[in-house]
Amino acid sequence: MKNKRLYLFGLIIIFCLVIISLLFIAFSIKKVDVTFSCAENEDETLLIQEDLSELKGKNLLFLSKNKVLDVVNNYPFFELESFKKSFPSGIEIKIKERHKAYYINFDDKNYLLSEEGIVLSDNVD
């Protein structure tokens, strides 16, 4: 009786491991579709696309919007407009450009701010 339980427990563990590994393979990100609205700076758009392409190979089920936000927030002139998982193996990301709105001089430094008050650049001449 004890051997049957141990055998059944082993089968259940193996079954679970097979299912988990299949989920990782089936939902691995293969396509990252990035679209920009009103992007004037082509150099930075290419850099963002390169950074976001590093998400390829990650699991789609465990990818959060915060991971994408972390990448986009490294570029102050851009903000995440939308993020959508397209199953089984892709993500769609829309990014829009922040518009320059204000120049502020504070502590002998010039700052460029967006309409939302986000610092886009410092030491602006």
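Biologist: Which helix lies across E2 and E3, and at what angle to E2 does it run?
Modeller: This is a predicted model. The helix that lies across E2 and E3 spans residues 65-72. That is helix H3, running at about 150° to E2.

Biologist: Which other helix packs on the sheet, and which strands does it touch?
Modeller: Start with the sheet itself. Three strands form it, and it is open. Their order is E1-E3-E2, with mixed pairing. Neighbouring strands are turned by 20° against each other on average, direction ignored. The helix covers residues 42-53, and its direction makes about 155° with that of E1. It is H2, touching E1, E2 and E3.

Biologist: Why is one side of E1 and of E2 left without a neighbour in the sheet?
Modeller: The strand order is E1-E3-E2. E1 (31-37) and E2 stand at the edges, so each has a single partner strand. From the order E1-E3-E2, the strand between them is E3.

Biologist: How many bridges join E2 to E3, and how do the two strands run?
Modeller: Strands of a sheet pair through backbone hydrogen bonds, either parallel or antiparallel. Here a hairpin joins E2 to E3 through three residues. Across the pair, Glu79 stands opposite Lys96 in E3, and Ser82 stands opposite Lys94 in E3. The strands run antiparallel, and the number of bridges is eight.

Biologist: Where is the cis peptide bond, and what is its omega?
Modeller: Most residues other than glycine have a negative phi, and most peptide bonds are trans. Look at the loop between E2 (78-86) and E3 (90-97), where Phe87 lies. Pro88 is placed in the loop between E2 and E3 as well. The cis bond joins Phe87 and Pro88, with omega about 15°.

Biologist: Which nonpolar surface patch includes Phe87, and what is its area?
Modeller: Phe87 sits in the loop between E2 and E3. Its partners in the patch include Ile14, Phe15, Val18, Leu61 and Phe62. Ile19, Ile20, Leu22, Leu23 and Phe24 also help make this nonpolar surface patch. The area is about 1100 Å².

Biologist: Is Val32 buried or exposed?
Modeller: Val32 is found in strand E1. Its contacts, not counting residues up to four places away in sequence, are Leu52, Lys56, Ile91 and Ile93. Buried means under 20% relative accessible area. Val32 has 18% relative accessibility, so it counts as buried.

Biologist: What separates the C-alpha atoms of Val32 and Ile91?
Modeller: The two residues are 59 residues apart along the chain. Val32 touches Ile91. Their C-alpha atoms are separated by 5.2 Å.

Biologist: What is the phi of Asp107, and where does the residue sit?
Modeller: Six bridges join E4 to E5, which run antiparallel. One bridge pairs Tyr102 with Leu113 in E5. Asp107 is in the loop between E4 (100-106) and E5 (109-114). In this hairpin, with two residues between the strands, the phi of Asp107 is positive, near 55°.

Biologist: Are Asp107 and Asp108 buried or exposed?
Modeller: Asp108 is also placed in the loop between E4 and E5. It is not a glycine, yet Asp108 has a positive phi of about 60°. The cut-off for exposed is over 50% relative accessible area. Asp107 has 63% relative accessibility, so it counts as exposed. Asp108, at 80%, counts as exposed.

Biologist: Which residue in the turn between E5 and E6 has a positive phi?
Modeller: Three bridges join E5 to E6 (residues 119-122), and the strands run antiparallel. Leu112 has Ser121 in E6 as its bridge partner. The hairpin of E5 and E6 has four residues between the strands. The turn residue with a positive phi, about 85°, is Gly117.

Methods: Residues numbered from 1 in each chain as written. Predicted model: local features only at pLDDT ≥ 70, side-chain atom pairs only at ≥ 80, totals over all residues. Heavy atoms only, no water. Patch = residues over 30% accessible without salt bridge, like charges linked within 9 Å, V, L, I, M, F, W, Y side chains within 5 Å. Areas by Shrake-Rupley, 256 points an atom, 1.4 Å probe, with all protein chains shown as cover. Salt bridge = Lys/Arg side-chain N within 4 Å of Asp/Glu carboxyl O. Buried < 20%, exposed > 50% of the residue type's maximum accessible area, 1.4 Å probe, protein only. Pairing = 2+ DSSP bridges. Axes fitted to C-alpha atoms, helices over the stretch in contact; angles between N-to-C directions. Contact = heavy atoms within 4.5 Å.
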